[in-house]
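Me: I have a few questions about how the words used for a protein model are justified. Could you go through them with me?

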Amino acid sequence: MKIRILSRNPKLYSTSRLVEAAKKRHHEVEVIDPIKCDLIIEKKKPTIFYKGHWLEETDAVIPRIGASVTFFGTAVVRQFEMMGTFTTTESQALVRSRDKLRSLQILSRARLGLPKTVFTNYSKDVSEILEHVGGAPVIIKLLEGTQGLGVVLAETQNAAESVIEAFNGLQARVIVQEFIKEAGGADIRAFVVDGQVVGAMKRQGKEGEFRSNLHRGGSASVIQLTDEEENAAIKAAKAMSLGVAGVDMLQSSRGPLILEVNSSPGLEGIEEATGKDIAKTIIRYIERNV
């Protein structure tokens with residue numbers, strides 16, 4: 001098969017591992033920088049022109065679209081879909097996953113456990129917002145934040161009110177979530193491929209840090225999910241229509257609570273923690289569908 005990986009940097013761990021896995025399975029593979037694609041839109045023959053050649057006869061694409069290029073990257077994925085190409089992440093699912101508020105509404109509709117969340121249109125009644133999530137401490141998140149950036153833990157009522165008022169003053173949209181104390185600064189990343197959990201790790205924030213992101217110095221270890229956690233991860237990926245997903249959740253006294261469903265989950269942390277060849281699993285997912 002001819003597989004193309006949409007990635008801005010072929011040297012990234014996830015991209016290079018997917019290239020390696022595809023070649024081991026005897027597929028032809030090429031890394032494409034999505035923002036350097038020209039989309040030719042015409043009746044009956046949508047095409048893509050890239051660095052002097054046409055990207056025709058593509059059997060499958062693996063989108064590794066960064067948050068900063070979501071708009072154009074999604075357009076490239078959509079163009080491949082119009083050309084009849086299989087994609088591991090559909091364009092519409094990618095768009096939904098990048099919208100934190102829409103994602104939470106989709107997950108809520110699927111009756112999945114979530115931290116209690118409030119979103120308002122720059123409401124000035126900040127004390128009422130905090131009351132809705134049970135009061136301080138609370139988590140305040142920028143809607144556009146990624147990899148733990150734009151996430152604040154406000155430990156007191158005054159601190160929470162000050163942060164929310166500051167963001168409102170900057171016209172920066174935020175969501176306010178209850179703080180799950182029993183999670184202890186840790187979360188779970190379940191990696192789902194084609195409706196199955198293929199690996200899971202527990203991420204622990206460094207001392208004094210409530211965010212568990214590996215980019216922020218957190219550590220990861222393999223974990224055996226409970227049936228409830230595994231079912232929640234599978235159901236969350238399905239609700240978001242994602243064939244490949246990283247489902248982040250907290251362990252709480254009322255069961256697993258979904259934080260986010262990532263449409264371009266990194267492979268490095270999960271492969272190192274579990275010792276599993278997740279890249280190969282993604283290539284085999286393509287083989288079953290093309």
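Me: How do you know how many helices and strands the chain has?
Reply: Happy to help! Helices are DSSP runs of H or I with at least four residues, and strands are runs of E with at least two, numbered from the N terminus. Counted that way, the chain has 9 helices and 16 strands. This is a predicted model, where local features need pLDDT of at least 70, side-chain atom pairs count only at pLDDT 80 or more, and totals for chains, interfaces and linings use all residues. Residues are numbered from 1 along each chain as its sequence is written, and side-chain values use heavy atoms, leaving out hydrogens and water.

Me: Why is the chain called as compact as a globular protein of that length?
Reply: Its radius of gyration (taken over C-alpha atoms) is set against the globule rule, 2.2 Å times the number of residues to the power 0.38. The chain has 20 Å, close to the 19 Å that the rule gives for 290 residues, so the description fits.

Me: Why is K36 called partly exposed?
Reply: Buried means under 20% relative accessible area, exposed over 50%, and partly exposed in between, with a 1.4 Å probe and protein chains only. K36 has 45%, so it is partly exposed. You can find K36 in the loop between β2 (28–32) and β3 (37–40).

Me: What makes a residue a contact of K36, and which residues does K36 touch?
Reply: Contact means heavy atoms within 4.5 Å. Leaving aside residues up to four places away in sequence, K36 touches F49, Y50 and K51.
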